[in-house]
Amino acid sequence: MWRCSNCGTGIEDKYAHCWQCGAANAVQQRAPEPPPQPQAVPQFASYEELAKVPRRPPWILRRGPLQRITFLLGAVVLVKIISAPFVGRYGVYIVAGVAVVALVVILWSFFRRDPSEGVGIKLN
């Protein structure tokens, strides 16, 4: 509400003139200022500068014919090592031991208890 400076009548804000004497509102209503425009942060130029992403993966992680041949040769060398007399004699035990250790590691990650579980009351 605003008061007319001429006659003192109370008038609602939506009216620009006094309904009794016709005088204009002496106190001009300010238009709300527009919000300031957001400015870019000066030290941030692009995502590439923040996250140093390599242009290409390392040679061994690429998928190409040379990498496939390298993996094939590695598998052949591994089979040759496994077919050695020591590994041939105890190979079953070695494979079983590695399998048990791998199973324990995998199950350990699945059944590990969450430290925040069981503390307090769950409300959801």
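This report walks through a predicted model of one protein chain, from its overall layout down to a few single residues.

## The overall layout

Let's start with the big picture. The chain holds three helices and two strands, and if you follow the sequence from start to end you meet them in the order β-β-α-α-α. So where do you find the strands and the helices we'll visit? β1 covers residues 2-3 and β2 covers 10-11, while α1 runs over 47-50 and α2 over 65-82.

How much of the chain is buried? Of its 124 residues, buried ones make up 7%. The chain exposes about 12100 Å², and carbon and sulfur atoms supply 65% of that area. Now look at who touches whom: among contacts with a separation of 6 or more, residues 24 or more positions apart account for 0%.

## The cysteines at the start of the chain

If you spot cysteines in a structure, you may want to check for disulfides. How many are there here? A search of the whole structure finds zero. Cys 4 is in no disulfide, and its nearest cysteine sulfur belongs to Cys 21, 3.5 Å away. Cys 21 isn't in one either, and its nearest cysteine sulfur is that of Cys 4, at 3.5 Å. Why doesn't this pair count as a disulfide? The two sulfurs would have to be within 2.5 Å, and the sulfur of Cys 4 is 3.5 Å from that of Cys 21.

Are these two cysteines buried or exposed? Cys 4 has a relative accessible area of 4%, so it is buried. Cys 21 has 34%, so it counts as partly exposed.

Then there's Cys 7, which sits in the loop between β1 and β2. Cys 7 is partly exposed because its relative accessible area is 36%. Leaving out neighbours within four places in sequence, Cys 7 is in contact with Cys 18, Gln 20 and Cys 21. Take the first of those partners: Cys 7 and Cys 18 are eleven residues apart in sequence, and their C-alpha atoms are 8.6 Å apart in space.

## Gln 20 and Ile 11

Gln 20 belongs to the loop between β2 and α1. With a relative accessible area of 53%, Gln 20 is exposed. Which residues does Gln 20 touch? Not counting residues up to four places away in sequence, they are Cys 7 and Thr 9. Gln 20 also lies 9.2 Å from Cys 4, C-alpha to C-alpha, with their positions 16 residues apart in sequence.

Ile 11 makes a nice contrast. Ile 11 is in strand β2, and at 2% relative accessibility it counts as buried. What surrounds Ile 11? Leaving aside residues up to four places away in sequence, Ile 11 touches Met 1, Trp 2, Cys 4, His 17, Cys 18 and Trp 19. You can also find Asn 25 from here: it is 14 residues from Ile 11 along the chain, and their C-alpha atoms are separated by 9.4 Å.

## Helix α2

Next, jump along to α2. This helix has 18 residues and reaches 26 Å from its first C-alpha to its last, close to the 26 Å expected at 1.5 Å a residue. Does α2 lie in the open or under cover, and what tells us? Of its 18 residues just one is buried, so α2 lies largely in the open.

Gln 67 is found in α2, and at 6% relative accessibility Gln 67 counts as buried, because the cut-off is under 20%. What is Gln 67 in contact with? Beyond its neighbours within four places in sequence, the partners are Trp 59, Ile 60 and Arg 62.

## The loop before α2 and a nonpolar patch

Two of those partners, Ile 60 and Arg 62, lie in the loop between α1 and α2. Ile 60 has 38% relative accessibility, so it counts as partly exposed. Arg 62 is partly exposed too, at 27%. Leaving aside neighbours within four places in sequence, Arg 62 is in contact with Arg 56, Pro 57 and Gln 67.

Ile 60 also takes part in something on the surface. Trp 59, Ile 60, Leu 61, Leu 66, Ile 69, Phe 71 and Leu 73 form a nonpolar patch there, with about 740 Å² of accessible area together.

Key
Residues numbered from 1 in each chain as written. Predicted model: local features only at pLDDT ≥ 70, side-chain atom pairs only at ≥ 80, totals over all residues. Heavy atoms only, no water. Patch = residues over 30% accessible without salt bridge, like charges linked within 9 Å, V, L, I, M, F, W, Y side chains within 5 Å. Areas by Shrake-Rupley, 256 points an atom, 1.4 Å probe, with all protein chains shown as cover. Salt bridge = Lys/Arg side-chain N within 4 Å of Asp/Glu carboxyl O. Helix = DSSP H or I, 4+ residues; strand = E, 2+ residues; numbered from the N terminus. Buried < 20%, exposed > 50% of the residue type's maximum accessible area, 1.4 Å probe, protein only. Contact = heavy atoms within 4.5 Å. Expected span 1.5 Å × (residues − 1).
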